[in-house]
Amino acid sequence: MPKITYIEHNGKSHAVDVAYGLSVMEGAVQNNIPGIDADCGGSCACATCHVYVDEDWFNKLQKKEDAEEDMLDMAHEPNKFSRLACQITVDDGLDGLVVKMPSKQG
Ligand code: FES
């Protein structure tokens, strides 16, 4: 299974195995990782799964849909490496992915 590293705003790091086909958000929730609340359950409607993707990884991800782009506009302090974790599906190519949670999601 791909290993994904989630880094909390306080710097605490969690490296977990996430099954293929799950979203990066689901991987966090199933492993009780703080900082990804996923209030809408993955419907691209809350932005509480906002993460900053490590720069090296950002361009390897599937492209954003318009709905994700719109929701990120409402997220707390988005930057050019922002994604919604519920919109990233885990596959072979994501082994080693690193994401960081924003300060508001502490
Ligand atoms: S879980 Fe709500 S937008 Fe991702």
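In this predicted model, Lys-63 sits in the loop that links helix H2 (55-58) with helix H3 (66-73). The relative accessible area of Lys-63 is 65%, and because exposed means over 50%, this residue counts as exposed. Another residue helps to place Lys-63 in space: Thr-48 is 15 residues away along the chain, and the C-alpha atoms of the two are separated by 19 Å.

A second residue, Val-24, gives a contrasting view. Val-24 belongs to helix H1 (residues 24-30). With a relative accessibility of 0%, Val-24 counts as buried, since the cut-off for buried is under 20%. What does Val-24 touch, leaving aside residues up to four places away in sequence? The list consists of Ile-4, Tyr-6, Ala-85, Ile-88, Val-90, Leu-97 and Val-99. One of these partners, Ile-88, is 64 residues from Val-24 in sequence, yet their C-alpha atoms are 5.7 Å apart in space.

With these two residues in mind, the overall fold can be described. The protein contains 3 helices and 5 strands, and reading along the sequence gives the order β-β-α-β-α-α-β-β. The radius of gyration is 12 Å, close to the 13 Å that the globule rule gives for 106 residues, so the protein is as compact as a globular protein of that length. Along the principal axes, the C-alpha trace spans about 30 × 30 × 25 Å. Of the 106 residues, 46% are buried. Contacts across the sequence can be summarised too: among those between residues at least 6 apart, 64% join residues that are at least 24 apart.

The strands can now be taken in turn. Strand E1 (residues 3-7) pairs with E2 in the antiparallel sense, over 5 bridges. One of the residues involved is Ile-7, whose bridge partner in E2 is Ser-13. The hairpin formed by E1 and E2 has 5 residues between the strands, and in this hairpin Gly-11 takes a positive phi near 95 degrees.

Which way do the side chains of strand E2 (residues 13-17) point? They alternate along the strand: His-14 and Val-16 point to one face and are buried, whereas Ser-13, Ala-15 and Asp-17 point to the other face and are not buried.

Strand E3 (residues 50-53) offers a useful comparison. His-50 and Tyr-52 point one way from E3, and Val-51 and Val-53 point the other way, but all of these residues are buried. E3 pairs with strand E4 (residues 82-84) in the antiparallel sense over 3 bridges. Strand E5 (residues 98-100) also pairs with E3 in the antiparallel sense, here over 2 bridges. Tyr-52 takes part in both pairings: its bridge partner in E4 is Ser-82, and its bridge partner in E5 is Lys-100.

Finally, the surface and the charges complete the picture. The protein exposes about 5600 Å², and carbon and sulfur atoms supply 45% of that area. How many charged side chains of each sign does the protein have? There are 9 positive and 18 negative side chains, and the centres of the two sets lie 5 Å apart.

Methods
Residues numbered from 1 in each chain as written. Predicted model: local features only at pLDDT ≥ 70, side-chain atom pairs only at ≥ 80, totals over all residues. Heavy atoms only, no water. Helix = DSSP H or I, 4+ residues; strand = E, 2+ residues; numbered from the N terminus. Rg over C-alpha atoms; globule rule 2.2 N^0.38 Å. Buried < 20%, exposed > 50% of the residue type's maximum accessible area, 1.4 Å probe, protein only. Contact = heavy atoms within 4.5 Å. Areas by Shrake-Rupley, 256 points an atom, 1.4 Å probe, with all protein chains shown as cover. Lys, Arg positive; Asp, Glu negative; His and termini not counted. Charge placed at Lys NZ, Arg CZ, Asp CG, Glu CD. Pairing = 2+ DSSP bridges.
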